[in-house]
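Q: Please take a close look at one buried position and its surroundings. Then work outward from there to the rest of the model.

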Amino acid sequence: MSSKPLTKILGTVAAFAFATAAYAETELTVYTAVEAEDLARYAETFNASHPDIKINWVRDSTGVITAKLLAERDNPQADVIWGLAATSLLLLKSEGMLEAYAPAGVEALDPKFVDGDNPPAWVGMDAWVASVCYNTVEAEKNGLTPPTSWKDLTDAQYKGHVVMPNPASSGTGFLDVSSWLQMFGEEEGWAFMDALHGNIARYTHSGSAPCKLAAAGETTIGVSFAFRGAKSKAAGAPLDIIVPSEGVGWDMEATAIVAGTANLEAAQKLVDFTVTKEANEMYNTGYAVVAYPGVAKPVEHFPENLLDKMIENDFEFAANNRAAILKEWQGRYDGKSDPK
Amino acid sequence: MTDAAVPTPPSGKPIRGKLSRDDIIMRGSMIVIGLYLLVTMALPLYAMLSKSFSTYTFNLGAYEVQVSDETGANFSEPVSFAAMNAEMGVVSDSDLIAGSDGRLGVTQFFPDFSFRSPVMYRVRNTVDGGRFLVGSTLNEGTDWTELDSNTFRRVQLRPEKATGLGNFQAYFSTPALSNSIKNSVIIALISTVITVTLAFWFAYALNRSCMRFKGLFRLVAMAPILVPSLLPGIALVYLFGNQGMLKELLFGASIYGPIGIVIGSVFFTFPHAFLIISTALAISDARLYEASVVLRASPWRTFWTVTIPGARYGLVSAAFVVFNLVITDFGLPKVIGGQFNVLAVDIYKQVIGQQNFEMGAVVSVVLVIPAIVAFAIDRIVQSKQVALLSARSVPHAPTPHAAKDWSLFAFSSLIAVFILGMLGVCQFAALVKFWPYDLSFSLNNYQFDRMDGGGWGAYFNSIKMALLTAVIGTAVVFFGAYLVEKSNGFKTGRMLFQMFAMLPMAIPGMVLGLAYIFFFNNPENPLHFLYGTMAILVICTVTHFYTVSHLTATTALQQMDREFEAVSASLKQPTLKLFTRVTVPVSLPAILDISIYLFVNAMTTVSAVVFLYSPKTSLASIAVLNMDDAGDIAPAAAMGMMIFYTNAAARILHLVASRGIMARTQAWRGR
């Protein structure tokens with residue numbers, strides 16, 4: 001624990017920091033793509049039962065964290081990955097970067113949320129589900145009617161009013177694209193995206209940005225995920241969260257130990273914690289679908305029919321075709337220089 | 001004297017002066033700092049260059065496969081995919097070039113393949129270390145793996161490393177990527193023309209008119225230097241975005257794209273252009289103007305034949321500096337560029353978004369070319385500059401002229417309003433609760449710990465990093481400049497050193513940062529322990545801003561006569577004593593200038609450090625970027641303004657400190 005002179009000025013903060021420092025015996029570097037505002041809560045809950053392990057978070061968007069992990073393949077900096085898309089963990093698994101480990105109590109989880117191998121290379125936490133954030137105030141101003149399906153979004157009235165994440169950098173963007181290809185089939189899927197591209201105002205780097213932009217009225221329609229929409233709505237944004245009728249893509253957040261970690265024991269303790277009922281209740285604050293059966297309670301502002309609309313997601317298809325899909329996507333849409 | 005008059009010297013080694021202890025120390029130190037530049041710049045750049053030639057290709061010859069008959073037994077002879085491809089031509093050579101995450105499905109080599117058929121397959125690597133996936137499980141051994149048809153369709157080949165021009169071929173044959181070259185150059189050209197024009201008239205107003213409040217205008221013009229280039233982008237979102245206050249002024253055009261980049265570029269490059277042109281306009285010979293009046297030239301003609309030629313070097317230099325700043329800038333197009341791709345952002349997208357480090361290196365190489373060309377032309381032009389003032393010159397003093405003064409005042413006020421307006425908008429946005437639906441004031445946007453980017457810790461990290469950069473950087477740069485300027489002999493060494501010292505100016509920050517990943521994150525590098533530390537951020541920042549600091553130091557040192565060294569040598573005093581007792585105190589103004597320059601730039605830089613920060617060393621400027629990325633624009637504006645206030649405070653402190661120190665150490669300069 002570094003003792004920066006400036007932290008000392010903030011008396012109470014410093015006292016707190018040194019208090020934790022006194023107990024912390026092991027420090028774990030944990031890579032995550034969980035929303036920043038939840039991290040402190042996650043760490044606190046974990047530290048309530050494990051005060052001797054200190055978590056150092058490295059948070060960034062899914063694409064960035066995945067890139068970082070792959071770049072550090074020969075020199076891993078992370079001990080644990082807690083909260084990264086399963087599609088990304090499959091990529092890491094295929095590079096032999098994950099330490100297989102069956103956390104205590106993993107049997108209790110829904111098998112859909114656990115890696116097929118034994119012992120599993122990763123275990124799921126919760127699912128995050130695509131949704132459309134729709135700003136009612138701006139819609140009225142622009143004279144738009146609410147869309148009900150993905151295909152609706154290609155309607156000419158939405159031209160320039162739709163923002164979606166770039167699938168190359170955003171996990172949310174990629175799950176959208178992969179779900180469209182799975183639902184509509186390759187050919188129809190790309191035809192749909194061609195039409196949608198005509199209406200897109202811009203592609204953002206991060207997956208939560210479209211919804212935040214819709215919340216701020218910078219755009220009317222943001223293709224994002226339900227959790228983000230619910231949060232912005234709770235913050236007072238004039239949003240409707242729309243679940244397209246064809247079905248919505250989703251990915252799960254999952255946990256894994258990085259092979260070669262120097263703190264294996266502490267890492268295992270952390271992963272043990274991540275599958276407990278307590279941890280799943282914690283995930284449930286933001287995510288309507290969690291790995292531990294029977295835990296999930298309805299989340300405020302969450303669209304009700306969301307669970308029924310989740311598609312049968314083929315993670316292996318998504319992981320193994322990721323490079324090819326992104327190449328195709330970029331060839332088609334990234335080169336257009338003007339936001340038309 | 002003719003040759004014949006010279007007596008031939010006796011044969012043997014030519015006589016050379018004996019090196020004194022001082023010389024050895026100085027040369028040794030110069031080599032140490034030279035090595036520092038080599039390790040922190042030349043070697044990483046080399047690592048990057050070689051990365052751009054490192055490709056991934058599928059080696060079809062490295063895998064063998066056997067197929068059974070319908071009963072699931074009686075396997076065929078092993079055959080490699082290369083042999084099958086030679087026969088059937090399933091994939092072309094260009095399909096075999098891949099990124100590091102490339103995958104090639106194998107069922108396409110079997111035209112009759114059906115995943116329901118009872119046929120069994122066996123597949124293996126022919127050499128150890130080959131790589132194929134079954135589903136997402138990696139197989140590296142040479143043992144046969146037997147799979148049923150349904151599992152066999154999940155087999156994916158992985159590419160292996162090779163060397164060649166494949167990445168460059170892929171780059172130039174992908175319009176999505178290579179279009180950025182055109183975009184970048186056009187944006188840079190337009191911004192250059194606008195900025196230089198505006199900066200010229202502004203500098204003209206300040207140097208050649210009798211308008212009022214010149215000091216104030218000068219102060220305002222320098223403000224953009226104190227903020228990261230991301231900030232004008234954020235201001236533009238609030239001004240001209242879809243909820244913008246002045247959105248109507250764009251007549252329906254979108255600010256996200258070239259328009260936004262150009263306006264923002266004008267904002268952040270303005271002070272640089274203004275400083276250079278102002279220096280050029282500051283001195284002029286009144287006799288030329290008198291002559292022009294005597295010859296009855298119109299003011300218009302005088303302007304074109306006297307004023308402009310007098311400032312031509314300044315104008316050219318300003319143009320290239322602005323061009324270079326715009327084409328290498330990353331923060332602004334990242335925030336406001338929308339779907340308009342430029343080179344610097346492409347590097348970020350390739351590396352951060354797609355894990356394609358090789359392509360990132362290729363774009364870097366492409367970006368370095370215009371940057372180096374602009375830099376080289378600027379250096380050549382500068383070296384041609386001759387003294388405009390001779391001993392007989394009479395300094396030109398502007399005379400009051402109401403119409404001219406007031407119109408220049410109006411123009412300068414517009415510029416000042418533009419600059420202050422951009423900053424004001426950001427501060428306003430940072431204090432508003434929920435733009436545009438709830439305009440009440442709150443400090444919610446300052447709760448950085450609830451956002452991406454590292455929270456308040458990032459802000460304090462930035463100050464720490466900037467202080468370290470200022471102290472260490474100034475020491476290294478000034479001592480290095482001293483050694484180059486004042487040591488004797490050792491010409492080759494000094495020339496090499498000068499070259500190394502000039503190079504960082506031509507290397508865009510994104511390129512330097514990426515090169516650092518390749519160099520320092522290589523586990524075989526003995527220096528890789530630096531990766532992810534504060535030290536690497538400081539080293540990178542010092543190197544990134546080395547050139548300007550070095551030039552400031554050499555200019556100051558050139559003003560000191562070399563006789564100081566001669567005197568100290570004849571008094572048998574070690575040179576280092578002279579350095580600490582005479583040179584440093586005399587050059588204090590320059591040293592302070594270098595340190596504030598490094599401090600301010602360390603606070604605002606994004607491009608060089610964006611690839612290098614770690615969770616413990618997140619920086620305020622990076623936090624602005626990340627918060628904006630996540631859609632938290634208001635907190636990003638809030639953090640951007642924190643950087644502005646910090647830099648402004650540092651400037652004021654610097655001013656006060658220099659006044660005090662000058663009074664104590666520079667009394668000799670006055671009479």
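A: Start with the contacts of L239(B). Leaving aside its neighbours within four places in sequence, L239(B) is in contact with G244(B), M245(B), L246(B) and V425(B). This is a predicted model. L239(B) belongs to helix α7 of chain B, which covers residues 230-240. L239(B) is buried, because 22 other C-beta atoms lie within 10 Å and the cut-off is 20 or more. G260(B) is 21 residues away along the chain, and its C-alpha atom is 11 Å from that of L239(B).

Next, the nonpolar core. The largest one has 288 residues. Among the residues with the most contacts inside it are I234(B), I277(B) and C426(B). V80(A), L514(B) and M639(B) are also in that group. Helix α16(B) gives this core its largest share, 14 residues. A second, separate core has 20 residues, including Y63(B), V67(B), F81(B) and L133(B). In soluble globular proteins, nonpolar side chains tend to be buried together.

I277(B) can be followed further. Its contacts, leaving aside neighbours within four places in sequence, are A199(B), F200(B), A203(B), A311(B), G314(B), L315(B) and A318(B).

Now chain B as a whole. It has 25 helices and 13 strands. Of its 671 residues, 48% are buried. Its C-alpha atoms fill a box of roughly 105 × 90 × 50 Å along the principal axes. Take the contacts in chain B with a separation of 6 or more: residues 24 or more positions apart account for 79% of them.

The domain assignment splits chain B into domain 1 (21-46 + 451-669), domain 2 (58-161) and domain 3 (177-436). The centres of domain 1 of chain B and domain 3 of chain B, taken over C-alpha atoms, are separated by 25 Å. Between these two, 29 residues of domain 1 of chain B are in contact with 32 residues of domain 3 of chain B. On the side of domain 1 of chain B that touches domain 3 of chain B, at least two residues each come from α17 (491-506), α18 (509-520), α23 (588-604), α24 (620-629) and α25 (633-665) of chain B. The largest share there is that of α25(B), with 11 residues. By class, that side has 22 nonpolar, 6 polar and 1 charged residues.

Two of those helices also pack on each other. Two packed helices are described by the angle between their axes and the distance between the axes. The axes of α23(B) and α25(B) come within 10 Å and cross at roughly 175°. An angle over 145 degrees counts as roughly antiparallel, so α23(B) and α25(B) are roughly antiparallel to each other. From α23(B), the contact uses L588(B), P589(B), L592(B), I596(B), F599(B), V600(B), M603(B) and T604(B). From α25(B), the residues include I643(B), T646(B), A650(B), R651(B), H654(B), A657(B), I661(B) and T665(B). The residues of this helix contact divide into 12 nonpolar, 6 polar and 1 charged.

Then the partner chain. The contact between the chains takes 53 residues from chain B and 54 residues from chain A. On the chain B side, the elements that give two or more residues are α5 (175-208), α13 (343-353) and α16 (455-486). That side has 19 nonpolar, 23 polar and 11 charged residues.

Chain A is divided into domain 1 (23-127 + 251-290) and domain 2 (128-249 + 303-334). Their centres, over C-alpha atoms, are separated by 27 Å. Here, 19 residues of domain 1 of chain A are in contact with 20 residues of domain 2 of chain A. On the domain 1 side, two or more residues come from each of α4 (62-71), α5 (86-94), β5 (123-135) and β10 (250-258) of chain A. The largest share, 5 residues, belongs to α5(A). The class split on that side is 9 nonpolar, 6 polar and 4 charged.

Finally, α4(A). This helix is mostly covered, with 7 of its 10 residues buried. The buried residues are T62(A), G63(A), V64(A), I65(A), T66(A), A67(A) and L69(A).

Terms used: Residues numbered from 1 in each chain as written. Chains lettered and ligands numbered in written order. Predicted model: local features only at pLDDT ≥ 70, side-chain atom pairs only at ≥ 80, totals over all residues. Contact = placed C-beta atoms within 7 Å. Helix = DSSP H or I, 4+ residues; strand = E, 2+ residues; numbered from the N terminus. Nonpolar A, V, L, I, M, F, W, Y, C, P; charged D, E, K, R; others polar. Domains from an automatic or database assignment. Axes fitted to C-alpha atoms, helices over the stretch in contact; angles between N-to-C directions. Parallel < 35°, antiparallel > 145°, perpendicular 65-115°, else oblique. Core = buried A, V, L, I, M, F, W, Y, C linked by C-beta atoms within 7 Å. Buried ≥ 20, exposed ≤ 12 C-beta atoms within 10 Å, placed from the backbone.
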